[in-house]
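Here's a quick briefing to read with the model open beside you. We'll go through the sheet, the cores, the aromatic pairs and a few single residues.

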Amino acid sequence: MDIGDVRRFDVFLSYNSVDSAWVIRLKTALETRGLKVWIDKDEIRPGDRFVEALEMGIESCNAVILVVSAGALSSSWVTDEYHRAV
């Protein structure tokens, strides 16, 4: 799929799953303010290639929000998302 075919989002949420409850509240607050939020649980479908879906998610967003927590700091996924975003 070409990135031009992907809908655009305002922000990509990068977080550790331990923080899911808090991140869902953040997502809701951002959407209430009119932002389109990319979050893995909503955008990655069964059968998707996980790494490819994350890369396309980051590319389809104007900004990345890195939710920093103890879990995130020790997560290789969050680290990978950070490096891809930079």
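Let's start with strand β1, residues 9–14, which runs parallel to β2 and is joined to it by 2 bridges. Keep in mind that this is a predicted model. From that strand we can work outwards to the rest of the sheet, the helix that packs on it and the nonpolar cores.

**The sheet**
- The sheet is open and has 3 strands, in the order β2-β1-β3, with parallel pairing.
- β2 (37–38) and β3 (61–66) are the edge strands; each has a single partner, so one side of each has no neighbour in the sheet.
- In general, strands of a sheet pair through backbone hydrogen bonds, either parallel or antiparallel.
- If you want a spot to look at across the β1–β2 pairing, Val-11 stands opposite Val-37 in β2.
- Helix α3 (residues 50–59) packs on this sheet and touches β1, β2 and β3. Its direction makes about 115° with that of β3.

**Helix α3 and its cover**
- Which residues of α3 are buried? They are Ala-53, Leu-54, Met-56, Gly-57 and Ile-58.
- The cover over those buried α3 residues includes β1, β2, β3 and α5 (76–85).

**Nonpolar cores**
- The largest nonpolar core has 9 residues: Val-11, Leu-13, Tyr-15, Val-23, Leu-26, Leu-30, Val-37, Ile-39 and Val-67.
- β1 and α1 are the elements that give two or more residues to this core, and α1 supplies the largest share, 3 residues.
- There's also a second, separate core of 8 residues, with Phe-12, Ala-53, Leu-54 and Cys-61 among them.
- As background, nonpolar side chains tend to be buried together in soluble globular proteins.
- Leu-13, a member of the largest core, is worth a click. Setting aside neighbours within four places in sequence, Leu-13 is in contact with Val-23, Leu-26, Lys-27, Leu-30, Val-37, Trp-38, Ile-39 and Ile-65.

**Aromatic rings**
- How many aromatic pairs turn up in the whole structure? A search finds 2.
- One of the pairs is Phe-12 with Trp-38, which is stacked: 4.6 Å centre to centre, with 15° between the planes.
- This pair links distant parts of the chain, as Phe-12 is in strand β1 and Trp-38 is in strand β2, 26 residues apart. Both Phe-12 and Trp-38 are buried.
- Phe-50 and Trp-77 make an edge-to-face pair, 5.0 Å centre to centre and with 80° between the planes.
- Phe-50 lies in helix α3 and Trp-77 in helix α5, so this pair ties together parts 27 residues apart in sequence.
- Buried or partly exposed, for these two rings? Phe-50 is partly exposed, with a relative accessible area of 37%, and Trp-77 is partly exposed too, at 41%.
- One more ring to look at is that of Phe-9: the charged end of Lys-36 sits over it, 5.8 Å from the ring centre.

**Glu-31, a residue in α1**
- Glu-31 has its place in helix α1 (residues 20–32).
- Its relative accessible area is 35%, so Glu-31 counts as partly exposed.
- Where does Glu-31 stand with respect to Asp-10? The two are 21 residues apart in sequence and 9.9 Å apart in space, C-alpha to C-alpha.

Conventions: Residues are numbered from 1 along each chain as its sequence is written. This is a predicted model: local features need pLDDT of at least 70, side-chain atom pairs count only at pLDDT 80 or more; totals for chains, interfaces and linings use all residues. Side-chain values use heavy atoms; hydrogens and water are left out. Two strands pair if DSSP finds at least two bridges between them. Helices (H or I, at least four residues) and strands (E, at least two) are DSSP runs, numbered from the N terminus. Contact means heavy atoms within 4.5 Å. Axes are lines fitted to C-alpha atoms, for helices over the stretch in contact, and angles run from 0 to 180 degrees between N-to-C directions. Buried means under 20% relative accessible area, exposed over 50%, partly exposed in between (1.4 Å probe, protein chains only). Rings of Phe, Tyr and Trp (its six-membered ring) pair if their centres lie within 6.5 Å; planes under 30 degrees apart count as stacked, over 60 as edge-to-face and the rest as tilted. A charge sits over a ring if NZ of Lys or CZ of Arg is within 6 Å of the ring centre and within 35 degrees of the ring normal. A nonpolar core is a set of buried Ala, Val, Leu, Ile, Met, Phe, Trp, Tyr and Cys residues joined through side-chain atoms within 4.5 Å.
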